[in-house]
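Me: Could you take a close look at the aromatic residues in this structure and walk me through how they sit together?

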Amino acid sequence: MDGTRANPDVLSLRNVVARELHRFPELGTVWHGAGPDRHHPAAAGALPQLATKGRLEIPDIEVAIIQLYSLLLYPHLVFSTYGTSVDDSLTERLITSGVDMFLSYYAPKSAQPR
């Protein structure tokens, strides 16, 4: 498991930044510059390659990157907002089923059961 995803200090910092964007709009610029595309350059590079090779059908790479990011990280952000956390077992299940869901959704139509 990626320690950053579950690190309570990192999650707390994200929550503080999100709450203070109205007071410090420059944080929004930095936040936007460090969005999913920047945090997940492997996905940003790999997804178009997989689509080009016909292994996935991804009509909108930007949306797909955000969806994958959401499946892998957002549960931790939501839980941390309420002062709780996601344990390792649930994290593993969320990631495994999230990746399965993502791959099933973007599987080439010819590979999907009819």
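**The aromatic cluster**

Reply: Happy to! Y105 is a good place to start: this residue is exposed, with a relative accessible area of 57%. Please keep in mind that the model is predicted. Y106, its partner in an aromatic pair, has a relative accessibility of 5% and therefore counts as buried, as the cut-off for that label is under 20%. The rings of Y105 and Y106 meet edge-to-face, with 4.8 Å from centre to centre and 90° between the planes.

The structure holds two aromatic pairs. In the other one, F102 and Y106 are tilted, with centres 4.9 Å apart and an angle of 55° between the planes. The angle is neither under 30 degrees nor over 60, so this pair is called tilted rather than stacked or edge-to-face. Both F102 and Y106 belong to helix 7, which covers residues 88-106. Their spacing of four residues is about one turn of that helix. F102 is buried, as is Y106. Taken together, F102, Y105 and Y106 make up one aromatic cluster.

Aromatic residues also turn up in a surface patch. V78, F79 and Y82 form this nonpolar patch, and together they have about 330 Å² of accessible area. Among them, F79 lies in helix 6, residues 61-81. With a relative accessible area of 32%, F79 is partly exposed, whereas Y105 in the cluster is exposed.

Key
Residues are numbered from 1 along each chain as its sequence is written. This is a predicted model: local features need pLDDT of at least 70, side-chain atom pairs count only at pLDDT 80 or more; totals for chains, interfaces and linings use all residues. Side-chain values use heavy atoms; hydrogens and water are left out. Rings of Phe, Tyr and Trp (its six-membered ring) pair if their centres lie within 6.5 Å; planes under 30 degrees apart count as stacked, over 60 as edge-to-face and the rest as tilted. Helices (H or I, at least four residues) and strands (E, at least two) are DSSP runs, numbered from the N terminus. Buried means under 20% relative accessible area, exposed over 50%, partly exposed in between (1.4 Å probe, protein chains only). Patches are made of residues with over 30% relative accessible area and no salt bridge: like charges are joined within 9 Å, nonpolar side chains (Val, Leu, Ile, Met, Phe, Trp, Tyr) within 5 Å. Accessible areas come from the Shrake-Rupley method with a 1.4 Å probe; for residues, only the protein chains shown count as cover. A salt bridge is a side-chain nitrogen of Lys or Arg within 4 Å of a carboxyl oxygen of Asp or Glu.
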